[in-house]
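Biologist: I'm new to this one and would like to learn how to read a surface patch. Could you put the model up and walk me through it?

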Amino acid sequence: MYRLIARYRRLQTEAVDAGMSTAEYAIGTLAAVAFAGVLLKVLTSGPVSAALSGIIGRALK
């Protein structure tokens, strides 16, 4: 009986941690998406796009 109670308590502790990991993954994913959005905005801006096109054009010649 004591083993059953100990196992139940251990499972309760693990269940509390499981939700926290999910929240951490969600925040990490949100941060990655925000960073990708900023990077996309920078790379598609006029001056950066022109500079990248120039570099690629010189590299292909």
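Biologist: Which element gives the largest share of the nonpolar patch?

Modeller: This is a predicted model, by the way. Helix α2 gives the largest share, with four residues.

Biologist: And which residues form the whole patch on the surface?

Modeller: The general idea is to look for nonpolar side chains that are accessible and lie within 5 Å when joined. Here the patch is made of Phe35, Leu39, Leu43, Leu52, Ile55, Ile56 and Leu60, and together they have about 720 Å² of accessible area. Two elements each give two or more residues to it: α1 (2-43) and α2 (46-60).

Biologist: Let me pick Ile55, in helix α2. Why does Ile55 count as partly exposed?

Modeller: Relative accessibility under 20% is called buried and over 50% exposed, with partly exposed in between. Ile55 has 49%, so it counts as partly exposed.

Biologist: How much of the chain do buried residues make up?

Modeller: Of the 61 residues in the chain, 0% are buried. The chain exposes about 5,700 Å², and 71% of that is supplied by carbon and sulfur atoms.

Biologist: How many helices and strands does the chain come to?

Modeller: Two helices and zero strands.

Technical notes:
Residues are numbered from 1 along each chain as its sequence is written. This is a predicted model: local features need pLDDT of at least 70, side-chain atom pairs count only at pLDDT 80 or more; totals for chains, interfaces and linings use all residues. Side-chain values use heavy atoms; hydrogens and water are left out. Patches are made of residues with over 30% relative accessible area and no salt bridge: like charges are joined within 9 Å, nonpolar side chains (Val, Leu, Ile, Met, Phe, Trp, Tyr) within 5 Å. Accessible areas come from the Shrake-Rupley method with a 1.4 Å probe; for residues, only the protein chains shown count as cover. A salt bridge is a side-chain nitrogen of Lys or Arg within 4 Å of a carboxyl oxygen of Asp or Glu. Buried means under 20% relative accessible area, exposed over 50%, partly exposed in between (1.4 Å probe, protein chains only).
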